[in-house]
2 protein chains.
Amino acid sequence: MLFVLKDEEPWNLPADVFKLNPAGELPIFLSDGNVVAGNYAISEYLEELNQEIRLMPEDIKQRAEVRRLIAWFDEKFYREVYRNIVYEKVHKRFAKGLAPDSKILKIGLNNLNFHLEYIDWLIERRNYLGGEELTMADITAAAHLSIIDYLGDVPWEGYRNAKIWYSKMKSRPSFKDILKDNIKGILPAKHYADLDF
Amino acid sequence: MLFVLKDEEPWNLPADVFKLNPAGELPIFLSDGNVVAGNYAISEYLEELNQEIRLMPEDIKQRAEVRRLIAWFDEKFYREVYRNIVYEKVHKRFAKGLAPDSKILKIGLNNLNFHLEYIDWLIERRNYLGGEELTMADITAAAHLSIIDYLGDVPWEGYRNAKIWYSKMKSRPSFKDILKDNIKGILPAKHYADLDF
C-alpha cells in the first residue's frame with residue numbers, strides 16, 4: 001500500500017477538514033473514497049485491512065497489553081508531557097504568538113522523567129514496549145517522543161534502555177521521513193536526525 | 001460471562017490500583033488472573049474474547065465509523081463537556097472540597113448543546129449512533145451522558161432524536177444497573193431513572 005502524506009498545521013486547519021471529519025481534527029485517512037478519522041479508528045482499520053504488515057500481536061491478551069500502552073501514550077503521556085511541552089512551545093507560538101509558560105513547561109519536563117523511567121523499566125524486560133516484537137505501542141510512543149526530541153527536551157542520558165529502544169526505532173526505514181520532518185520556524189535539536197545520539 | 005463490579009471513588013483510589021495498572025487509573029478488568037487496563041483495551045478485548053455478544057459491526061469500514069465515534073465521546077466530549085461539568089461538580093467537591101467554577105461549568109453546558117445536536121443529527125439518519133445496530137459507540141456515549149443526566153444538566157427537550165435514542169438506551173436491561181447508580185452525597189435528578197423522561 002502506498003500513501004501520500006498531506007501535512008496541515010493544526011493551528012491553521014483548512015475548512016475541508018470539517019467536511020471529512022466533523023470533529024475538525026487530524027489525522028484523517030483517505031483511501032478509495034473512504035474516510036477514516038482519528039488515530040484509534042485509523043490504526044485499527046489498517047490492522048484489519050492489511051494482513052501483510054501486522055502491528056498487533058496475534059494473542060488477544062498481548063493485544064490488550066499493546067492497547068493499554070497505546071492509550072498510555074495517547075492519553076497519559078499526551079496529558080502529562082506532550083501538551084505541557086509541545087503545546088506551550090509550538091502551538092501557543094504559532095496559534096497565538098505567545099511565549100511558553102515556564103511553569104507549565106517545567107511540569108511537562110518533570111513528568112517526562114517518569115515516562116522515560118517507565119519506558120526504561122519496560123525495555124529492561126522486553127525487546128519492545130508491548131512485548132518481544134515491534135507493535136503499534138512503539139510507533140505511538142516514538143511518534144509522541146520524536147517531536148519532544150526535535151525540541152531537544154528529552155534527557156536520554158539518564159535512561160539507557162529507553163535510549164537503546166529509541167535508537168532502534170530511529171534506525172527503521174519507516175522512521176526516515178519523520179527524521180526529515182521540519183517545523184517551520186523552529187530548528188531541530190542537533191542530534192535529532194542522528195542515529196547515534 | 002458473569003462479572004462482579006467493584007466500585008471505587010476516582011478521587012480516593014486504593015493503592016492496589018497501581019499494582020494492577022501502572023497508570024493508576026480505572027477501569028481495570030480482571031478475568032482468570034489476567035489484567036486488562038483502560039477502556040480501549042478492555043472493550044476491544046471483550047469484543048475479541050466473546051463471540052456471542054457483538055458490540056462492533058462485521059464490516060471494517062463500519063468498525064472504523066464506530067471507533068471514530070468512541071473516540072469522539074471518550075476524547076472530544078470528555079474534554080469539552082464531561083470534564084467541565086462532572087469534574088467541576090463532582091470531583092472537585094469530593095477531592096478538594098471546592099465549589100464548581102461557574103465559568104467553566106457554563107462552557108461545559110454550552111458545549112453540551114453542540115454534542116446533543118450532533119447526536120440528534122446522527123439519529124435522524126441512523127437507528128443508532130454508529131449505524132443501524134447498537135454498538136460500542138452507543139454504550140460509550142450513553143455512559144458519558146448518564147452522569148450528566150444524573151446531575152440534571154442535559155437539556156433533552158431541545159433535541160428530540162437524541163432523546164428518543166437515549167430513551168431506547170435507558171430501556172435496555174444492561175442499563176438497569178447504571179440507573180441504580182448513586183453518587184454519595186449528590187441526589188440524582190428526578191427523571192434520572194425514569195424510562196419516560
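**Figure 1. Domain 1 and domain 2 of chain A bury about 520 Å² between them.** Carbon and sulfur atoms give 60% of this area, buried area being the accessible area (1.4 Å probe) that two parts lose on being put together, summed over both. On the side of domain 1, A:Trp11, A:Ser43 and A:Glu44 lose the most area to domain 2, together 76% of what that side buries. The model shown is predicted: local features need pLDDT of at least 70, side-chain atom pairs count only at pLDDT 80 or more, and totals for chains, interfaces and linings use all residues. Residues are numbered from 1 along each chain as its sequence is written, chains are lettered from A in the order in which they are written, and side-chain values use heavy atoms, with hydrogens and water left out. Domain 1 covers residues 1-53 and domain 2 residues 60-180 of chain A, with bounds from an automatic or database domain assignment. The centres of the two domains, taken over C-alpha atoms, are separated by 22 Å. Contact (heavy atoms within 4.5 Å) joins 5 residues of domain 1 to 7 residues of domain 2.

**Figure 2. Chain B meets chain A over a buried area of about 2400 Å².** Of this area, carbon and sulfur atoms give 59%. In chain B, B:Tyr40, B:Glu48 and B:Arg67 lose the most area to chain A, together 27% of what that side buries. The contact involves 27 residues of chain B and 27 residues of chain A.

**Figure 3. Helix α2 (residues 39-49) of chain A holds several buried residues.** Helices (H or I, at least four residues) and strands (E, at least two) are DSSP runs, numbered from the N terminus. Among the residues that are buried (under 20% relative accessible area, 1.4 Å probe, protein chains only) are A:Tyr40, A:Ile42 and A:Tyr45. Their cover includes β1, β2, α3 and α5 of chain A, together with α2 and α3 of chain B.

**Figure 4. Helices α3 and α5 of chain A come within 9 Å, axis to axis.** Axes are lines fitted to C-alpha atoms, for helices over the stretch in contact, and angles run from 0 to 180 degrees between N-to-C directions. The axes cross at roughly 10°, and the two helices are therefore roughly parallel, a term for angles under 35 degrees. Residues of α3 in this contact include A:Phe73 and A:Phe77, and those of α5 include A:His144 and A:Leu145.

**Figure 5. Helix α5 (residues 136-150) and helix α6 (residues 160-171) of chain A pack at about 95°.** Their axes lie 11 Å apart. The helices are therefore roughly perpendicular, which covers 65 to 115 degrees.

Key
Angles under 35 degrees count as roughly parallel, over 145 as roughly antiparallel, 65 to 115 as roughly perpendicular and the rest as oblique. Buried means under 20% relative accessible area, exposed over 50%, partly exposed in between (1.4 Å probe, protein chains only).
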